[in-house]
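This briefing goes through a two-chain complex by topic. Confidence comes ahead of the folds, the sheets and the contacts.

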Amino acid sequence: MDLAEKGSRPLHWFAFLTAAATLVLLGIGGLVTSHGAGMAVPDWPTTYGYNMFFFPFSYWMGGIFYEHSHRLVATLVGVLVVALTRWLGGRPSRLPLAIIGGLELSAGLVLGALGPNWRGAGHFLAGIGGVVLLAAAVWARNAPAPRPLPLLAWVAFFGVQIQGLLGGLRVVLFQDEIGIFHATLAQLFFLLLCLVVLLTSRWWRTLAAALSTVGGGPSSRLSWWMLAATALILFQLMIGATMRHQHAGLAIPDFPLAYGKLWPAMDADSVAAYNQQRLEVTALNPITAFQIGLQMTHRLVALLILVAVGVCAAKAWRLARRSGRAQGAVATNRPVQSLARISLVWFGLILVQALLGAATIWSNKAADLATAHVIFGALSLALGGIVTVISFKLPAPAQAGLPVLEPGGRQGWNATANAMSQPFSSRPLPSGAASHTS
Amino acid sequence: MKRHLALAAVTALASAFAATAGDVVGTITLKGTPPKEKDITPLKEDPNCGKLHTAMPTTKFYVVGAKGELADVVVSLEGISGKSTGASAKPVVMDQKNCIYVPQILAVQTGQKLVVKNSDPVLHNVHSVPTVAGNPEDNKAQMPGGADLTFSFPKAEEFIKFKCDVHPWMFAWVSVFDHPYFAVSGADGTFKIANVPPGKYTLKANHRKAGVVTQEIEVKDGAPTTVALSLDAK
């Protein structure tokens, strides 16, 4: 049975489900750090000596609840990603999956036999290998999705396994730096899955088909603005991850001022005084001058992002209006208008995110607000990635506004959309994509 | 044989003239009004630990007596090193009672055993977070009624943080010295450092929030040296 012929809609919704589960996982990960519970379970992959799937519920208390939930949801996301890889990769993915799964299973069994210290890691690896082998054993002879989806799936496949390993190593190696990397990779992983959702959508296929008649053209300045703003958001998320994994609470307790000043004193005596005057209710690390500098940088970059995304939204909106005035350019008008609308939502997200950042400080880093800040950060990055990819796909404004574009009129877009609602293998494809489906 | 007798005679003579160690005793007081301690709301709201407290528990950064006597100050002699009696020293005990570390400020020698008990009906993890190279970070699970845990540190370091990540309000601080000449002030603000060899020293008093104060002292043969130190509330 060819799964692609069965329809690409289920695939799109499965990708959406995987991305949604990842966002939930990211949120629970945020709660783990916000509650300082990253080390509440001292062992990995076991939990207080138990197989993680059989850890008694009566012990799910305090920080253990967050950390253990994080591990279980991570396992679910891992299984979903393996299935997604198999689905997007199609029949050709079976052999590599079988080889990787077999290797992981074998390595896991060997590790498990090395002794009690390795048994947990061995069982964990063997478990992953078993799931991968199971995916390889699915007999469906479905065709792979169009490029670059199989590649993205493989990146996600390896990404999720690296993420799991990093999460475990952070616990057993006591390295906060691993936590920073783990948190940043989580944001990139979510972005990747959101792009898979976009690229498997009917909307995207319709756009790709419509543009196959007019060509992509050179990228507009707007695309580069969007790319820069998205890169800035990623940079900001890295700063945020570093701040959170210092486990020092709020390095600066007030906002918009900083210790009552526009720029706080950061000399050794002042930092010592900040620490002495702070009465911590939870086990926080002492504040350092580096952390104060980091929070000030976070504030400044937030301002830059607000401006950059504002500019992107304004430019996208202007482009949509200009494009809307051009007759016969509907093939690109509708996506341009969609881009403008999504950009506005993006700007709205950034505004909410800035407010959440301020609220995190005003609430003395309340765990729910700090976690919401992490989740909105992930959504901001994902939406930034989506608008950037769309904008690079669209022709430059000079072309978009010209009436020579085909097919013309709203009917033209609808006809293309209807054609594109057909399954991958039975619809008219852009010439570049034809060779990638079978 | 004659040589051995001569050596014994010299040793006996040296012992007779050897200086006698003395104690350093004193009191520490706090000047000024300390900030109000904070309610540990997460502890009171915890479904397991909260019921172990009838009243709202508070932080205990400044434990001050009626006349300003300050507890939990780590007092030590500076300039002495390599005198640790290590694992042969009597182990120091820290307990987990009602989901709080008791005591919260401790001091041990390098190599000396720190025994952590769990008197609570709930599980804890005991996570030590040293920052000096050579002192390993450790994180151990301790079930209710579980066996005692043992920690020790090879390097001197002040205020190593111990915490429970299951219950994030639980934390204690352990100072490690490579000699036995230290003490932690009690509830009456007093301290005693016993058997200090005669000589001139710098006495250092270190409090987590009130900071550090030092004083030059001289320990004379067999006589107790009395000092009075004061720290300012921040």
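pLDDT is the predictor's confidence in each residue, on a scale from 0 to 100. Two residues are in contact if their C-beta atoms, placed from the backbone, lie within 7 Å. The model is predicted, and the predictor gives the complex an ipTM of 0.83 and a pTM of 0.86. Chain A has 16 helices and 0 strands, while chain B has 2 helices and 16 strands.

**Confidence**

- The mean pLDDT of chain B is 91, and 92% of its residues score at least 70.
- Among the elements of chain B, the highest mean pLDDT, 98, belongs to strand 6 (residues 114-118) of chain B, and the lowest, 50, to helix 1 (residues 2-17) of chain B.
- Over residues 12-17 of chain B, pLDDT stays under 50, and the model has 0 contacts for them beyond four places in sequence.
- Where pLDDT is low, the predicted coordinates should not be read in detail.

**Chain A: content and domains**

- Chain A has 438 residues, of which 45% count as buried.
- Of the contacts in chain A between residues at least 6 apart in sequence, 81% join residues at least 24 apart.
- The domain assignment splits chain A into domain 1 (3-90 + 140-200) and domain 2 (221-272 + 284-406).
- The C-alpha centres of domain 1 and domain 2 of chain A are 24 Å apart.
- Between these domains, 20 residues of domain 1 of chain A contact 18 residues of domain 2 of chain A.
- On the domain 1 side of that contact, the elements giving two or more residues are helix 2 (9-34) and helix 7 (176-199) of chain A.
- Helix 7 of chain A supplies the largest share of this side, with 11 residues.
- By class, the domain 1 side has 10 nonpolar, 9 polar and 1 charged residues.

**Chain B: overall dimensions and packing**

- Chain B has 234 residues, and 36% of them are buried.
- Along the principal axes, the C-alpha atoms of chain B fill a box of roughly 75 × 45 × 30 Å.
- In chain B, 64% of the contacts between residues at least 6 apart in sequence join residues at least 24 apart.

**Chain B: the antiparallel sheet**

- An open sheet of 4 strands in chain B has the order 12-2-14-15, with antiparallel pairing.
- Its edge strands, strand 12 (182-184) and strand 15 (211-219) of chain B, each pair on one side only.
- Neighbouring strands of this sheet are turned by 20° against each other on average, direction ignored.
- Strand 2 (residues 74-78) of chain B pairs with strand 12 of chain B in the antiparallel sense over 3 bridges.
- Opposite Val75(B) stands Ala183(B), in strand 12 of chain B.

**Chain B: the mixed sheet**

- Another open sheet of 4 strands in chain B has the order 4-3-6-9, with mixed pairing.
- Strand 4 (100-102) and strand 9 (149-151) of chain B are its edge strands, each paired on one side only.
- The average turn between neighbouring strands here is 25°, direction ignored.
- Strand 3 (residues 92-97) and strand 6 of chain B pair in the parallel sense over 5 bridges.
- Val93(B) faces Val115(B), which lies in strand 6 of chain B, as its opposite residue.

**Chain B: strand 11 and its partners**

- Strand 11 (residues 171-177) of chain B is largely enclosed by the rest of the structure, because 6 of its 7 residues are buried.
- Strand 5 (residues 105-109) of chain B runs parallel to strand 11 of chain B, and 5 bridges join them.
- Leu106(B) has Val174(B), in strand 11 of chain B, as its bridge partner.
- Strand 10 of chain B runs antiparallel to strand 11 of chain B and is also joined to strand 11 by 5 bridges.
- Here the bridge partner of Glu157(B) is Val176(B), in strand 11 of chain B.

**Contact between the chains**

- The contact involves 28 residues of chain B and 21 residues of chain A.
- On the chain B side, the elements giving two or more residues are strand 7 (124-129), strand 8 (138-142) and strand 10 (157-163) of chain B.
- Strand 8 of chain B gives the most to this side, with 3 residues.
- The chain B side divides into 11 nonpolar, 7 polar and 10 charged residues.

Definitions and conventions: Residues numbered from 1 in each chain as written. Chains lettered and ligands numbered in written order. Predicted model: local features only at pLDDT ≥ 70, side-chain atom pairs only at ≥ 80, totals over all residues. Buried ≥ 20, exposed ≤ 12 C-beta atoms within 10 Å, placed from the backbone. Nonpolar A, V, L, I, M, F, W, Y, C, P; charged D, E, K, R; others polar. Domains from an automatic or database assignment. Pairing = 2+ DSSP bridges. Axes fitted to C-alpha atoms, helices over the stretch in contact; angles between N-to-C directions.
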